[in-house]
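Welcome, and thanks for opening the viewer. Keep a selection box handy, and let us walk through the fold one stop at a time.

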Amino acid sequence: MAIGSTAALIPSAGDGLEVTEVVAKMPGPGEVLIENHAVAVQPLDVKMLLGGYTGAGPLYNYPVVLGTSGAGVVKVLGKNVKGLDVGDRVVFDTRAYVKSEANLREGTWQKLVTADARTVARIGDVTFEQAVLIDFPLQTAVGALHLFLGMGKPGTGDAEEKVLVWGAGGAVGSYAVQYAKIVGHTIVVTASPHDVERQKKLGAFEVVDYKAADVVGRLRELGPYKYLLTASGDVASQKALASLLQPQGGTFASVLGGDIDLPPNVERVYKPFSQAAQQDEHSSFRAWWYGEYLPQVLREYLVEPVKFSRREGGLSALQQASVDVFEGKVKAKIVINPQE
Ligand SMILES: NC(=O)c1ccc[n+]([C@@H]2O[C@H](COP(=O)([O-])OP(=O)(O)OC[C@H]3O[C@@H](n4cnc5c(N)ncnc54)[C@H](OP(=O)(O)O)[C@@H]3O)[C@@H](O)[C@H]2O)c1
């Protein structure tokens with residue numbers, strides 16, 4: 001059996017989005033079909049639509065459906081799905097950017113989305129918007145800090161150990177600050193002067209303006225740092241972190257890559273952190289994230305969601321919303337309801 005649905009898809013390379021009728025197949029074993037009620041437009045998605053970025057390799061056969069995260073209601077359970085029921089309100093991530101054959105069914109810029117049940121979390125009474133605003137960027141931050149840099153789980157940190165989050169103003173940065181605080185560390189951030197008060201509320205001990213001429217000198221006075229993450233990922237930030245790791249050397253994580261000359265004693269960890277839970281090698285992280293930590297974060301309101309604006313128009317609004325994000329015209333995440 002199959003059900004009629006609607007998707008915003010890219011018909012072929014270089015095209016804009018086309019909102020079109022599609023057929024949603026029934027979920028296979030271990031999968032669920034979800035009626036998707038919220039997507040947040042992420043920088044990654046818009047770079048794929050407008051910036052010529054194709055991810056970690058030749059991901060697709062066109063047509064392509066963008067988006068790897070959503071929130072909605074479980075409509076159909078595949079065989080052998082445990083812990084989820086039809087009618088559950090959930091947030092979820094998919095393999096749309098890691099498995100090209102999964103893209104058309106799992107891209108989240110559509111009304112009905114298939115997801116691996118292992119990457120679906122119940123959200124209780126939390127709104128779809130709040131759930132989708134938190135999951136993807138918080139998971140990126142926790143993936144970078146916990147999975148790849150080795151920071152502990154909540155409550156296991158030492159306040160004597162400092163964390164540096166460069167570019168804490170964005171979603172990934174804001175959640176990185178909050179996670180490091182929940183773990184129990186002392187956090188120093190760089191952010192814009194207008195953001196100082198919010199950063200302190202989120203958990204920053206010190207806030208340094210990333211545009212200040214003496215930013216690296218000031219950060220050096222406030223260090224040393226056990227964990228370093230650039231959540232803006234730009235070249236200047238990566239060079240600054242490499243410089244802060246001198247003379248002893250060390251490791252920093254970056255949300256973006258780039259061909260940058262770094263000193264030989266510095267290791268940069270740049271990964272698709274947001275997709276880590278889709279990899280079987282990270283199955284214990286995946287089980288903790290969807291089965292335990294993300295539901296707890298949502299249920300107990302453990303993090304402050306980032307600002308957002310709702311864009312009316314459903315899937316048809318995604319093209320312009322993407323242009324606005326790509327051109328830096330919006331300072332908050334844009335959330336769209338594909339059912340509109
Ligand atoms: N590797 C991964 O797995 C992964 C996953 C998710 C995101 N990303 C990447 O991470 C980046 C951030 O994503 P996001 O969702 O957090 O974006 P976002 O919420 O749109 O963050 C934008 C904010 O970042 C700050 N910012 C921008 N450029 C900066 C710079 N050069 N230095 C310091 N701060 C800067 C600005 O804050 P102010 O206005 O205060 O200056 C801006 O408002 C994007 O490039 C995205 O593609 C990577």
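Start by selecting β9 and strand β10 (residues 186-191): the two pair in the parallel sense over four bridges. Keep in mind as you look that this is a predicted model. To see one residue pairing up close, pick Val-163, whose bridge partner in β10 is Ile-187.

Now widen the selection to the whole sheet. It is an open sheet of six strands with parallel pairing, in the order β11-β10-β9-β12-β13-β14. Which strands stand at the edges? They are β11 (204-209) and β14; each has a single partner strand, so one side of each is left without a neighbour in the sheet. Turn the view to follow the twist, which averages 20° from one strand to the next.

Next, add helix α7 (residues 235-244). This helix lies across β9, β12, β13 and β14, and runs at about 165° to β12. Show its side chains and look for the buried ones: Ser-237, Gln-238, Ala-240, Leu-241, Ala-242 and Leu-244. What covers the buried residues of α7? The cover includes the strands β9 (162-166), β12 (227-230), β13 (250-254) and β14 (266-270), together with α6 (215-222).

Now for the aromatic rings. Select Tyr-179, Phe-285, Trp-288, Trp-289 and Tyr-293, which form one aromatic cluster. Zoom in on Phe-285 and Trp-289, both of them buried. Being four residues apart in helix α8 (residues 283-299), these two are separated by about one helical turn. Swap Phe-285 for Trp-288 in your selection: the ring centres of Trp-288 and Trp-289 are 6.3 Å apart and their planes are at 65°, so this pair is edge-to-face. Trp-288 is buried, as is Trp-289. How many aromatic pairs are there in the model? The count comes to seven. One of them is Phe-285 with Trp-289, a stacked pair at 6.0 Å centre to centre with 25° between the planes.

For the last stop, go to His-37 in strand β3 (residues 31-40). Its side chain and that of Glu-35 are joined by a polar contact of 2.7 Å. Leaving aside neighbours within four places in sequence, the contacts of His-37 are Ala-71, Gly-72, Val-73, Phe-128, Ile-336, Asn-337, Pro-338 and Gln-339. Stay with Phe-128 and add Arg-89, whose charged end sits over the Phe-128 ring, 4.3 Å from the ring centre.

Note on methods. Residues are numbered from 1 along each chain as its sequence is written. This is a predicted model: local features need pLDDT of at least 70, side-chain atom pairs count only at pLDDT 80 or more; totals for chains, interfaces and linings use all residues. Side-chain values use heavy atoms; hydrogens and water are left out. Rings of Phe, Tyr and Trp (its six-membered ring) pair if their centres lie within 6.5 Å; planes under 30 degrees apart count as stacked, over 60 as edge-to-face and the rest as tilted. Buried means under 20% relative accessible area, exposed over 50%, partly exposed in between (1.4 Å probe, protein chains only). A charge sits over a ring if NZ of Lys or CZ of Arg is within 6 Å of the ring centre and within 35 degrees of the ring normal. Contact means heavy atoms within 4.5 Å. A polar contact is a pair of N or O atoms within 3.5 Å; within protein, one must be able to donate a hydrogen and the other to accept it, and residues adjacent in sequence count only if both atoms are side-chain atoms. Two strands pair if DSSP finds at least two bridges between them. Axes are lines fitted to C-alpha atoms, for helices over the stretch in contact, and angles run from 0 to 180 degrees between N-to-C directions.
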